[in-house]
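Trainee: I would like to go through this structure and ask why each label is used. Please set the values against the cut-offs as we go.

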Amino acid sequence: MQYAALASGSKGNCHAFCDGERTLLIDAGLSLKQVRVRMESLGLDHRTIKAVALTHEHSDHIGAVGVMLRNTDWAFLATPETKLAVEGIHGSEIPHNRWIPLRAGFALDWWGWRVHPFTLPHDAADPVAYRVEVSGFSAAVVTDLGHPTALVADHCRDLDLLVLEANHDVEMLREGGYPPTLKARILSRVGHLSNVSMAELLASVLSPRLRTVVMAHLSEQNNDPELVRVVAEEVLRGWQASLHLAHQRQALRPELPATLAASH
Ligand SMILES: [Zn+2]
Ligand SMILES: [Zn+2]
């Protein structure tokens, strides 16, 4: 199994899981061209992409849906509420034969993969994060949440790989140049995860099994990658997990432990 963060941040999000035969993208916030370019740059075959699972309708997660609808035959996994919201924004329909309906809390069998969407506290129609399980490999992509919940933590236990939001440093955000309404939105219970809240959530789901941690959706204005690294390393001290930071402009493919990379 392979995982790549093709892009992560407020300007666009796209993650990829590949088992060699099939690739599932999480979110469509990166142009189709860049999806292909960045996958190839990592040695992953973009022709294996079969579907995109959408988390919610904010533009940094769905910006490329229209182009992907017109130029690929990929399927779209989304809850009915998110599908409706995306269609409203794009003004085009996701055809029924290309829509795989989801319901938060219910796992879906996708070509033998277990794709499990679960609810996040975020200001969108029906926001979800995904847990993906394939042949004994378990991962979750958890971004765009205002605060850690017990439900989110439950879905982040017993993972091999966790991709977790570390959006902002509260002080940097408060003192920065964002308009007050935007600051309030980000800081709210349905906004984005601060470094402190990230550390709290990460600490609550640590296990010997967790070997790879990717910090994601970092704010370029309101966070400092070095600070994120320090905060996360403090939590991970004494554990086996390797730490990575996902980028906005550059793809990241963390090397997974050999047993996991081979398990498909
Ligand atoms: Zn986002
Ligand atoms: Zn969002």
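Mentor: Note that this is a predicted model. Begin with helix α1: its buried residues pack against β1, β2, β3 (23–26), β4 and α3 (65–71).

Trainee: Which residues of α1 are buried?

Mentor: In α1, which spans residues 32–41, they are L32, V35, R38 and M39.

Trainee: What makes them line one face of the helix?

Mentor: Seen down the axis of α1, the buried residues fall within an arc of 135°, so they line one face. An α-helix has 3.6 residues a turn, so residues three or four places apart point the same way. On the other side of α1, K33 and S41 are exposed; that label requires over 50% relative accessible area.

Trainee: What follows α1?

Mentor: G43 does, with a positive phi near 80°.

Trainee: How do you know that the span of α9 is close to what is expected?

Mentor: α9 has twelve residues and reaches 16 Å from its first C-alpha to its last. The expected value, at 1.5 Å a residue, is 16 Å, where the rise is multiplied by one less than the number of residues.

Trainee: Which residues of α9 are buried, and what puts them on the same side?

Mentor: The buried residues are V228, A232, V235 and L236. They cover an arc of only 90° around the axis, which puts them on the same side of α9. They pack against α8 (195–204), β12 and β13 (242–245).

Trainee: What is found at the two ends of α9?

Mentor: At the start of α9, a side-chain oxygen of D224 reaches to within 2.9 Å of the backbone nitrogen of E226. Just after α9, G238 takes a positive phi of about 90°.

Trainee: Now the metals. What makes an atom a donor of the zinc ion (ligand 1)?

Mentor: For zinc, a donor is an N, O or S atom within 2.8 Å of the metal. The protein donors of the zinc ion (ligand 1) are D60 (OD), H61 (NE2), D144 (OD) and H217 (NE2), at 2.1 to 2.2 Å, so they meet that cut-off.

Trainee: Why is the site of the zinc ion (ligand 1) called irregular?

Mentor: Four donors count as tetrahedral if all angles lie between 85 and 135 degrees. The angles among the four donor atoms here run from 90 to 163°, so the upper end breaks the tetrahedral limit. Square planar would need every pair that is not opposite to lie between 65 and 115 degrees; the site is classed as irregular.

Trainee: How are the donor residues of the zinc ion (ligand 1) spaced in sequence?

Mentor: The spacing is D-H-x82-D-x72-H. H61 lies in helix α2 and H217 in the loop between β12 (212–216) and α9 (225–236), so the pair ties together parts that are 156 residues apart in sequence.

Trainee: Why are H61 and H217 called buried?

Mentor: Buried means under 20% relative accessible area. H61 has 0% and H217 has 1%, so both qualify.

Trainee: What are the donors of the zinc ion (ligand 2), and why is its site called irregular?

Mentor: The protein donors are H56 (NE2), H58 (ND1), H122 (NE2) and D144 (OD), lying 2.2 to 2.5 Å from the zinc ion (ligand 2). The angles among the four donor atoms are 92 to 171°, so the tetrahedral limit of 135 degrees is passed, and the site is irregular.

Trainee: What makes D144 a bridge?

Mentor: D144 coordinates both the zinc ion (ligand 1) and the zinc ion (ligand 2), which are 3.6 Å apart. D144 is buried, with a relative accessible area of 1%.

Trainee: How do you know that S8 is buried, and what does its side chain reach?

Mentor: S8 has 2% relative accessibility, so it falls under the 20% cut-off. S8 sits in the loop between β1 (2–7) and β2 (14–18), and its side chain reaches the backbone nitrogen of H217 at 2.7 Å.

Trainee: Why is the pairing of H168 and N167 called a polar contact?

Mentor: The side chains of H168 and N167 are joined at 2.9 Å, and the cut-off is 3.5 Å between N or O atoms. H168 lies in the loop between β11 (161–165) and α6 (170–175).

Key:
Residues are numbered from 1 along each chain as its sequence is written. Chains are lettered from A and ligands numbered from 1 in the order in which they are written. This is a predicted model: local features need pLDDT of at least 70, side-chain atom pairs count only at pLDDT 80 or more; totals for chains, interfaces and linings use all residues. Side-chain values use heavy atoms; hydrogens and water are left out. Donors are N, O and S atoms within 2.8 Å of the metal (3.2 Å for Na, K and Ca); water is not among the atoms, so sites may look incomplete. Four donors count as tetrahedral if all angles lie between 85 and 135 degrees; four count as square planar and six as octahedral if opposite donors are over 155 degrees apart and all others between 65 and 115; anything else is irregular. Buried means under 20% relative accessible area, exposed over 50%, partly exposed in between (1.4 Å probe, protein chains only). Helices (H or I, at least four residues) and strands (E, at least two) are DSSP runs, numbered from the N terminus. A polar contact is a pair of N or O atoms within 3.5 Å; within protein, one must be able to donate a hydrogen and the other to accept it, and residues adjacent in sequence count only if both atoms are side-chain atoms. The arc is that of the directions from the helix axis to the C-beta atoms. Contact means heavy atoms within 4.5 Å.
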